[in-house]
Amino acid sequence: MKADPRVTILFVLLLSTFSVIFRNPLHMLPLFTSAFIAVLLSRAPLFKLLRRLRGVWVMLIFVTLLQTLAAQDWLAGLMIAATVLQRLVILLLGGALLASYAGHVLVQALLQLRMPYQLAFMLSIGLRFVPLLSESFRDSLNAMQLRGVDFRKLKLRTRMKIYTWLLLPTIASGVQQARKLAMAMELRGFGAHDTRTAYAPLHMRWFDCLALAGVVLWAAGIILWRIFL
């Protein structure tokens, strides 16, 4: 049984807030553990997300090493780097929690949280445009490889130039799609009224109330952990 998305949004909001406030890896350990347990219980697509972001991990490890080497005291630099890495992982786990819900369910949850429906709709469209742009960029790379360009044999500087050349038409294609979408929305009267009806409104169940109470108790426990540690 999956909790109401409004409860999950509250948990992710508190989780990201605490991860930004805390600056000690020991203080952030309960946050990391709570986020990981929540991802496992919600059956979020964590491993699928990690596979898609496998290139990001290399960058995170590289930034961590740079942070360690740039500090005068290597132990202090290692602690700062561990804090930054742990914070990014916590935010990634929070995103995986939200990704376990369908897009229209998240939009409905944001609407019932009194967010303007124009902003909620733009957020959902933005989430859909990111994989579209990524797919367009990947298709351009595959087209170049089919024409005989072997990226493994190219120098890093040449690769960056090619990526820059491919990025501009990808962004232009995204802007063109956004214009078409905006025109279609305007023709259908989007934004003509201040309020909209909902096809499937969300309702709090007994399980959702228990989950909400658990999130509140968890937040209180985290605050007490931080105060008395």
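Among the elements of the protein, mean pLDDT is lowest in helix α4 (residues 54-70), at 64, and highest in helix α1 (residues 5-21), at 89. The model is a predicted one, and the average pLDDT over the protein is 78, with 80% of the residues scoring at least 70. Where pLDDT is low, the predicted coordinates should not be read in detail. The description below therefore begins with α1, the element with the highest mean pLDDT.

Helix α1 packs against helix α2 (residues 25-42), the two axes coming within 10 Å and crossing at roughly 155°. Because angles over 145 degrees count as roughly antiparallel, α1 is roughly antiparallel to α2. The crossing of these two helices is left-handed. On the α1 side, the contacts involve Phe11, Leu15, Phe18 and Ser19. The residues of α2 that they meet are Met28, Leu31, Ser34, Ala35 and Ala38.

Helix α1 also packs against helix α9 (residues 206-228), at an angle of about 10° and with the axes 10 Å apart. Since angles under 35 degrees count as roughly parallel, α1 is roughly parallel to α9. Val7, Leu10, Phe11, Leu14, Leu15 and Phe18 form the α1 side of this pairing. From α9, the residues met are Asp208, Ala211, Leu212, Val215, Trp218, Ala219, Ile222 and Ile223. Phe11, Leu15 and Phe18 of α1 thus appear in the contacts with α2 and also in those with α9. An α-helix has 3.6 residues a turn, so residues three or four places apart point the same way.

Helix α8 (residues 156-187) contains 32 residues and spans 46 Å from its first C-alpha to its last, close to the 46 Å expected at 1.5 Å a residue. Buried positions in α8 are Ile162, Leu166, Thr170, Gly174 and Met185. Just after this helix, Gly189 adopts a positive phi of about 80°.

A further set of contacts involves Val105, which lies in helix α6 (residues 103-112). Val105 has a relative accessible area of 21% and is therefore partly exposed, the limit for a buried residue being under 20%. Once neighbours within four places in sequence are set aside, Val105 is in contact with Pro5 and Leu202. Pro5 belongs to the residue range of α1. Val105 and Pro201 are separated by 96 residues in sequence, yet their C-alpha atoms are 8.9 Å apart in space.

Key:
Residues numbered from 1 in each chain as written. Predicted model: local features only at pLDDT ≥ 70, side-chain atom pairs only at ≥ 80, totals over all residues. Heavy atoms only, no water. Helix = DSSP H or I, 4+ residues; strand = E, 2+ residues; numbered from the N terminus. Expected span 1.5 Å × (residues − 1). Buried < 20%, exposed > 50% of the residue type's maximum accessible area, 1.4 Å probe, protein only. pLDDT = per-residue confidence, 0-100. Axes fitted to C-alpha atoms, helices over the stretch in contact; angles between N-to-C directions. Parallel < 35°, antiparallel > 145°, perpendicular 65-115°, else oblique. Left-handed = near helix turned anticlockwise from the far one by under 90°. Contact = heavy atoms within 4.5 Å.
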